[in-house]
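Here is a walk through the charged side chains of one protein model. Look at the sequence and the structure before reading on.

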Amino acid sequence: MAQQTQETKGNKKLPLAILAGAVVGGALVLIKDSNERKRLREGTSSTKEALTNYASEVKEDPSAKKDDLVSKVRNIVSITNEAVATVQEVFNNQGKEITEKAKDIKEESEEIISTAKDAGEDLQEVTEKAQEVKEEITDSEEETLTAEQKEVEVNPNR
C-alpha cells in the first residue's frame with residue numbers, strides 16, 4: 001500500500017518536472033537569443049491584436065459570429081463526412097477486388113499444382129517405360145551375344 005502511494009506521488013511529480021524543465025529551457029533561450037525574444041514579442045503582439053479584433057467583432061454582433069462559426073463547423077463536418085464516405089467506398093470496392101483477385105490466384109495456383117502433379121505422374125510412367133525399353137534392349141543384346149558365342153563355339157572358323 002505504501003509503495004502504491006509513493007508510485008502515485010512519483011507519477012504526479014514527473015509532469016511537473018517536465019513543465020519546469022520546459023519553462024527553464026525557454027527562459028534560457030530567451031535570455032541568450034535576442035532574435036528569439038524579438039520574434040516572441042512580435043508573435044505575442046500579433047496574436048493579441050487578432051484576439052482583440054475578434055473580441056470586438058463578437059461584441060458588435062454576437063449572433064452573426066455564432067452563426068458564422070456554426071456554419072463553418074457544419075461545412076467542415078460535411079466535407080469530412082464526404083471524405084470518409086469516399087474513403088469507405090474506395091476501401092470497400094478495392095477490398096472486394098483484392099479478395100476476388102486473391103481467390104483467382106489461389107484457384108490458378110491449385111490448378112498449376114494439380115497439372116504439375118499429373119505431369120509428374122506421366123513422366124514417372126515414361127521413365128518406367130524407358131526403363132522397360134532399356135531392360136529389353138539389354139536382354140536382347142545379351143541374347144544376341146550369347147547366340148553369337150554359341151555360334152562361334154559350334155562353328156570355330158567364323
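A residue is called buried when its relative accessible area is under 20%, exposed when it is over 50%, and partly exposed in between. The model shown is predicted. Glu36 has a relative accessibility of 23%, so this residue counts as partly exposed.

Glu36 is a place to begin with the charge pairs, since its partner is Arg39: the two form a salt bridge whose closest N and O atoms are 2.5 Å apart. Both residues belong to helix α2, which covers residues 34-60. They are 3 residues apart, about one turn of the helix. Arg39 has a relative accessible area of 53% and is exposed.

How many salt bridges does the structure hold? There are 3. One of them joins the side chains of Glu57 and Lys65, with 2.6 Å from N to O. Glu57 is partly exposed, at 36% relative accessible area.

Another links Lys72 with Asp68, and here the N to O distance is 3.8 Å. This pair lies within helix α3, with the two residues 4 apart, again about one turn of the helix. Lys72 is partly exposed at 48%, and Asp68 is partly exposed at 34%.

Helix α3 spans residues 62-154 and also contains Glu128. Glu128 belongs to a negative surface patch, together with residues including Asp118, Glu121, Asp122, Glu125 and Glu132. Why can Glu128 be part of such a patch? Patches are made of residues with over 30% relative accessible area and no salt bridge. Glu128 is partly exposed, and its 42% is over that cut-off.

Methods
Residues numbered from 1 in each chain as written. Predicted model: local features only at pLDDT ≥ 70, side-chain atom pairs only at ≥ 80, totals over all residues. Heavy atoms only, no water. Patch = residues over 30% accessible without salt bridge, like charges linked within 9 Å, V, L, I, M, F, W, Y side chains within 5 Å. Areas by Shrake-Rupley, 256 points an atom, 1.4 Å probe, with all protein chains shown as cover. Salt bridge = Lys/Arg side-chain N within 4 Å of Asp/Glu carboxyl O. Lys, Arg positive; Asp, Glu negative; His and termini not counted. Charge placed at Lys NZ, Arg CZ, Asp CG, Glu CD. Buried < 20%, exposed > 50% of the residue type's maximum accessible area, 1.4 Å probe, protein only.
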